[in-house]
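Me: Could you help me learn to read the cavities and the helix packing in a model like this one?

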Amino acid sequence: MKKLSYFFVGILIITASLGLITNRMKAADGVKTQNNSLTIFNWGEYIDPDLISKFQKETGYKVNYMTFDSNEAMYSKVKQGGTAYDLIVPSDYMIEKMVKENLLIKLDHSKIKGLKDDDPKLLNPAFDQGNQYSVPYFWGTLGIVYNSKTVTRPPKTWNDIWSPTYKNSILLTDSVRDVMTMVLSKHGYSLNTTNQKELDIAYQDLLKLTPNVKAILGDEIMNYMINNETPLAVVYSGQAAEMTSENKNLKYVIPERTNIWYDNLAIPKTAKNVKAAYAFINFMQEPKNAAQNAQWIGYATPNLKAKALLPKEIRDNKSFYPDEATIKDDEAYKNLNPYWTGIYNDLYLEFKMNK
């Protein structure tokens, strides 16, 4: 019996040892997989795919690239925590919101290269003073693209697009803040106003624009404009850059007091591979890579060394790299609290229903 007891004890010890070894092997495999992958959550078509391949080849990291179509969609996914994104690309006001909600990692600047190459005017922004949580990725403006072949009197201000000349001719970007920007700016109000009277006045005027609005769309706007199917659209500068490169009849105008926006690289608190996230930030900070990305995307790079590498016709184009005088009165969006976010959303939805 004693020998039999020893036998069973021996079997238990061997079984436990094998289980421990198996678990350790699984854990090791998991760590290896985790440490060799980088999950990026970015806007659609917002990086040159060749740069992803180059990064993987140079670093050995495997990139899992996922996309979103709005800051709010990205925020919800990160907040829910279902997927552990290592790197995200929020806009200005969303950085502010996510910092307040403790969703982002405070960056260690000693691990980041190339910040000194970025335009000082784009560093230390109001939404993230000291760039404690974000690194500039792209920047640009909200403006008007028009077809010079069909538009004889080009618009110069937001007020101009209310003209009956543009009846059933305007495409709007499907975005609450961007649509509200046009009318708030027209009245001289802040793009971040929380004055109910100003918002009511803006809404009533926005309704007067309805006869001129042909459709409210997403990225489809670009094809309509490129194919000469509509004369005018309200778009982001990077979209306009791509359109104007495809159709020489298209021109881009930056109205007075418009939105100036900043998209940024940030690391969420739920990141599983912070080391890889820093590696990607540094990779994108390299002037050659930043220039390649800017030329492929069409948006303005914040990296001055990268800008110097761009073709002269791009870096000297004031429609996409506007001077200080052009953008001095422009505003970045600020994070609005839930109450005012709801007010803006309600007004926008009512406008869309009237359309």
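Reply: Sure, classes come first: Ala, Val, Leu, Ile, Met, Phe, Trp, Tyr, Cys and Pro count as nonpolar, Asp, Glu, Lys and Arg as charged, and the others, Gly among them, as polar. By these classes, the lining of the second largest cavity has 7 nonpolar, 1 polar and 1 charged residues. Keep in mind that this is a predicted model, where local features need pLDDT of at least 70, side-chain atom pairs count only at pLDDT 80 or more, and totals for chains, interfaces and linings use all residues. Residues are numbered from 1 along each chain as its sequence is written, and side-chain values use heavy atoms, leaving out hydrogens and water.

Me: What volume does the second largest cavity have?

Reply: On a 1 Å grid over the protein atoms alone, a cavity is a set of points where a 1.4 Å probe fits but cannot get out, and lining residues have an atom within 4 Å of a point. The volume is the space filled by probe spheres set on the points, which are joined across faces, edges and corners. Here it's about 40 Å³ for the second largest cavity, whose lining includes Trp139 and Asp263.

Me: And which residues line the largest cavity?

Reply: Among them are Pro136, Met284 and Asn293. That cavity has a volume of about 80 Å³, and its lining has 7 nonpolar, 4 polar and no charged residues.

Me: At what angle do α5 and α14 pack?

Reply: Axes are lines fitted to C-alpha atoms, for helices over the stretch in contact, and angles run from 0 to 180 degrees between N-to-C directions. Helices (H or I, at least four residues) are DSSP runs, numbered from the N terminus. The angle is about 85° for α5 and α14, with axes 10 Å apart.

Note on methods:
Helix = DSSP H or I, 4+ residues; strand = E, 2+ residues; numbered from the N terminus. 1 Å grid on protein atoms, 1.4 Å probe; cavity = no way out; pocket = protein on both sides within 12 Å on 5 of 7 lines; lining within 4 Å.
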